[in-house]
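Please read the following report alongside the sequence and the model. It takes up unusual backbone geometry, then the ligands, then the packing of helices.

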Amino acid sequence: MRVLLTGGAGYIGAHTAVALIDAGHEVLIVDDFSASSAEAVRRIERITGATVPALAADARDEAAVLAFVREHAPVDAVIHFAGLKAVGESMAQPVRYYEVNIGSAVAILRVMAEAGIRTIVFSSSATVYGDPGPEDLPLTETSPTGIDLANPYAKTKRMIEEILHDAAAADPGLRAVTLRYFNPVGAHPSGLIGEDPVGIPNNLMPVLARVAIGALPGVSIYGDDYDTPDGTGLRDYIHVTDLAAGHLASLERAREGYAVFNLGTGKPVSVIQLIEAFRAASGHPIPATVAPRRAGDVTALYANPSKAERELDWTATRTIEQACAEYWHWQERNPDGYRG
Ligand code: NAD
Ligand code: WQD
């Protein structure tokens, strides 16, 4: 299969590119490099030995993307990773988030129609489940979504899911797959590709890695008074290599129509457990202090991944210990990310 990855130079896109190429597929990338670097494409090529054509363009630039797709025809499928993903920023700049996230998804569907591409896999997020009650955990694909979503980022994901649902309903030959990722962590074992956040990171694992490398003084634990075993928030941290394999399985097994899958491990892990795992993996003490709860955070979010197991023959197999060790390997080899 020849697959176009929008946002393919980003964290999840780069790991998926490697997984697809390792499985014998060909990859093309469209990325505006607003949150990544062309160096990521060179690293994908180094790991795989493949040549990866990459277009530096906004995914909303339909003419440029269509010309690129035609130049590399036939393209069999698109995985649409491109978009803005910072929750806090989306509250400050909602219109920009709607413009970029919705605009790029619509543009890609239009390019697909023009070029006759019949399969799309979309990067959605467990954030569409909002703030689930204990009775909804672990979350299945039919758990409630879209009720009182707390931020525009989450709303863009939910809206794009609806767009794909409607596009598939109107065009029975289309295969549209929504993947709801839980919390991606880890890095490729080579240490050549990994997460390279712009500015000071917000997410827990990149913060831990920045503390361990000495770039941040310590980690704040956002609340230890949640109704959980150790009082800290519970999440489903999924290794990015497992996530990448989920994309491969989705492409290879996509059926006509619209389908949604949770990609998670099903195992809740607390903030304190993740900090301890990262301390052990890095050998650094990682000072941690309890701080107030972060606005918008939920108590617990973890998957029931059995639909993906059943229908995609996919299971997350990697542990948080492995994710911490491989994230740390990437961080140590690339203390300044791709800029180093
Ligand atoms: P990332 O920021 O590393 O990757 C996104 C890539 O898209 C970057 O390379 C960026 O340069 C590119 N991009 C952004 N806007 C673009 C545009 N208009 N045109 C072309 N390229 C553009 O993020 P990631 O963690 O790899 O996330 C990939 C996708 O998965 C995103 O859609 C994100 O919302 C979603 N997702 C991420 C997480 C997470 O925690 N990392 C969780 C759930 C869902
Ligand atoms: C995990 C846990 C924090 C940082 C976000 C987005 C979500 C998805 C993934 C894209 C929580 C705690 C964190 C810190 C802490 N992204 N924490 N100190 O909030 O589950 O999900 O990223 O779709 O949409 O909302 O991830 O890594 O920020 O937080 O105590 O410095 O770690 O309170 O319990 P989150 P996270």
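Pro 74 sits in the loop that runs between helix 3 (62–71) and strand 4 (77–80). In this predicted model, the peptide bond leading from Ala 73 to Pro 74 is cis, and its omega is near -5 degrees. A cis peptide bond also joins Leu 137 and Pro 138, where omega is about -5 degrees. Pro 138 belongs to the loop between strand 5 (119–125) and helix 6 (152–170). Another backbone feature is found at Phe 33, in the loop between strand 2 (26–31) and helix 2 (38–48). Phi of Phe 33 is near 60 degrees, which is a positive value in a residue other than glycine. These features are worth noting because most residues other than glycine have a negative phi, and most peptide bonds are trans.

**The two ligands**

Which residues are closest to ligand 1? Ligand 1 is surrounded by 26 residues, and the closest are Asp 31, Ser 36, Ala 59, Lys 85 and Tyr 153. Around ligand 2 there are 19 residues, of which Tyr 153, Leu 204, Ser 220, Arg 235 and Asp 297 come nearest. Tyr 153 is thus named among the closest residues for ligand 1 and among the nearest for ligand 2.

The table gives polar contacts between the protein and the oxygen atoms of the ligands.

| Ligand | Residue | Part of the residue | Distance to a ligand oxygen atom |
|---|---|---|---|
| Ligand 1 | Gly 10 | backbone | 3.2 Å |
| Ligand 1 | Ala 35 | backbone | 2.9 Å |
| Ligand 1 | Lys 85 | side chain | 2.8 Å |
| Ligand 2 | Asn 183 | side chain | 3.0 Å |
| Ligand 2 | Leu 204 | backbone | 2.8 Å |
| Ligand 2 | Arg 235 | side chain | 2.5 Å |

For ligand 1, Gly 10 takes part through a polar backbone atom, and Ala 35 through a backbone N or O atom. Lys 85, in contrast, uses a polar side-chain atom. For ligand 2, Asn 183 takes part through an N or O atom of its side chain, and so does Arg 235. Leu 204 contributes a backbone N or O atom.

**Helix 7 and its partners**

Leu 204 also leads into the next topic, since helix 7 covers residues 204–212. Helix 7 packs against helix 11 (residues 320–333) at an angle of about 55 degrees, and the two axes are 10 Å apart. That angle makes helix 7 oblique to helix 11. The crossing of the two is right-handed. On the side of helix 7, the contact is made by Met 205, Pro 206, Ala 209, Arg 210 and Ala 212, and on the side of helix 11 by Ala 323, Cys 324, Tyr 327, Trp 328 and Gln 331. Divided by class, the residues of this contact are eight nonpolar, one polar and one charged.

Helix 7 also packs against helix 9 (residues 271–282), at an angle of about 40 degrees and with the axes 10 Å apart. Helix 7 and helix 9 are therefore oblique to each other. Helix 7 passes helix 9 in a right-handed crossing. Here helix 7 contributes Leu 204, Met 205, Leu 208, Ala 209 and Ala 212, while helix 9 contributes Val 271, Leu 274, Ile 275, Phe 278 and Ser 282. How many residues of each class does the contact of helix 7 with helix 9 have? There are nine nonpolar residues, one polar and no charged.

**Helix 3 and helix 5**

The axes of helix 3 and helix 5 (residues 94–115) come within 10 Å and cross at roughly 40 degrees. The two helices are therefore oblique to each other. Their crossing is right-handed. Glu 62, Val 65, Leu 66, Val 69 and Arg 70 of helix 3 make the contact with Ala 107, Ile 108, Arg 110, Val 111, Glu 114 and Ala 115 of helix 5. By class, this contact has seven nonpolar, no polar and four charged residues.

Methods: Residues numbered from 1 in each chain as written. Chains lettered and ligands numbered in written order. Predicted model: local features only at pLDDT ≥ 70, side-chain atom pairs only at ≥ 80, totals over all residues. Heavy atoms only, no water. Axes fitted to C-alpha atoms, helices over the stretch in contact; angles between N-to-C directions. Helix = DSSP H or I, 4+ residues; strand = E, 2+ residues; numbered from the N terminus. Parallel < 35°, antiparallel > 145°, perpendicular 65-115°, else oblique. Left-handed = near helix turned anticlockwise from the far one by under 90°. Contact = heavy atoms within 4.5 Å. Nonpolar A, V, L, I, M, F, W, Y, C, P; charged D, E, K, R; others polar. Near = heavy atom within 4 Å. Polar contact = N/O pair within 3.5 Å; in protein donor to acceptor, adjacent residues only side chain to side chain.
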